Amino acid sequence: MNFSPLWLQSISMTPKRKLQGLVAATITPMTPDGQINLSVIHQYVDYLVNEQNVKNVFVNGTTGEGLSLSIQERKQLAEEWVCQGQNKLDHVIIHVGALSLPESQELARHAAAIGASGIAAIAPSFFKPTNKDELIAFLQKIASEAPAVPFYYYHIPSLTGVKIRVEELLDGIKERIPTFQGVKFSDTDLLDLAQCINKNEREQFAFLYGVDEQLLSALAVGASGAVGSFSLGNFSTLSSN
């Protein structure tokens, strides 16, 4: 999809309120020959809003197999979700994390240009940061490419192998990343989550839990919402009809 300047001016997905509640981790629809199927995204949006009452999405994450897609495919999906979500979705968060820092920065710039309401990034998982400062430096270089867009850290140590505690990471992070707004916390360490929440109440960060099986426990310790595949339901069946 090509975005004209006039079309871009009509988009305004900057969130007016804190990201909280249910956020759908979207799948990437594919055609039988393995191409991304953009034509069903509009139906996907309507399904989430009308059938599931979910108005927030997290695009190109783990559920969407973002790291298995090309940069161009990720851009096309981001564009389609922003386009189809206009006046229907409250938040369209685009995951821009990649093993390559320049690619992450390119995706961050693109997300900002198309009017995404937020971006998120995982830690690099091949050459891993070994301490908090290295990880924040990596994230800062991504977030700075979209200086007007809220930034979220996607914490998923079971896949990245980066086990730096989020409680430690958040200490002073606002000074390094002014757009930082919260964490997609996809780890089973509820003690770390609880300590993050208790120590950062004044900052009003969003702590969105990402392990569906432990969601109730995460909500009990104060998580402000959840990002997961709970809202998929039978969309795959619907989209094939």
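A residue counts as buried when its relative accessible area is under 20%, and it is with this cut-off in mind that the coverage of individual elements in this predicted model is best followed. Helix α3 is mostly covered by that criterion, since 12 of its 15 residues are buried. Among them are the charged side chains of Glu73, Arg74, Lys75, Glu79 and Glu80, alongside Ile71, Leu77, Ala78, Trp81, Val82, Cys83 and Gly85.

The geometry of the same helix can be checked against a simple expectation. Helix α3 covers residues 71–85, and at 1.5 Å a residue its 15 residues should span 21 Å, which agrees with the 21 Å that separates its end C-alpha atoms. After α3 comes asparagine 87, whose phi is positive, near 65°.

From the helix we turn to the sheet. Here 8 strands close into a barrel, taken in the order β1-β2-β3-β4-β5-β6-β7-β8, and the pairing is parallel. Neighbouring strands of this sheet are turned against each other by 25° on average, with direction ignored.

Two of the pairings can be followed in detail. Strand β2 (residues 56–59) runs parallel to β3 and is joined to β3 by 4 bridges, and within this pairing asparagine 56 has histidine 91 of β3 as its bridge partner. Further along the barrel order, strand β4 (residues 118–122) pairs with strand β5 (residues 151–155), again in the parallel sense and over 4 bridges, with isoleucine 122 standing opposite tyrosine 154 in β5.

Strand β3 deserves a second look for its surroundings. It comprises residues 91–95, and because 5 of the 5 residues are buried, the strand is largely enclosed by the rest of the structure. The covering extends to both faces of β3, with His91, Ile93 and His95 buried on one side and Val92 and Ile94 buried on the other.

One of these β3 residues, Ile93, also appears in the lining of the largest cavity, together with Leu19, Phe58, Tyr152, Val183, Lys184, Leu208 and Val227. The search for enclosed space, counting volumes of 30 Å³ or more, yields 1 cavity, and the volume of the largest cavity is about 40 Å³. Its lining divides into 7 nonpolar residues, no polar ones and 1 charged residue, the charged one being Lys184. Phe58 falls within the residue range of β2, and Tyr152 within that of β5, so that the lining can be located on the strands described above by reading their residue ranges.

Technical notes:
Residues are numbered from 1 along each chain as its sequence is written. This is a predicted model: local features need pLDDT of at least 70, side-chain atom pairs count only at pLDDT 80 or more; totals for chains, interfaces and linings use all residues. Side-chain values use heavy atoms; hydrogens and water are left out. Helices (H or I, at least four residues) and strands (E, at least two) are DSSP runs, numbered from the N terminus. The expected span of a helix is 1.5 Å times one less than its number of residues. Buried means under 20% relative accessible area, exposed over 50%, partly exposed in between (1.4 Å probe, protein chains only). On a 1 Å grid over the protein atoms alone, a cavity is a set of points where a 1.4 Å probe fits but cannot get out, and a pocket is an open set with protein on both sides within 12 Å along at least five of seven lines; lining residues have an atom within 4 Å of a point. Grid points are joined across faces, edges and corners, and a volume is the space filled by probe spheres set on the points. Two strands pair if DSSP finds at least two bridges between them. Axes are lines fitted to C-alpha atoms, for helices over the stretch in contact, and angles run from 0 to 180 degrees between N-to-C directions.
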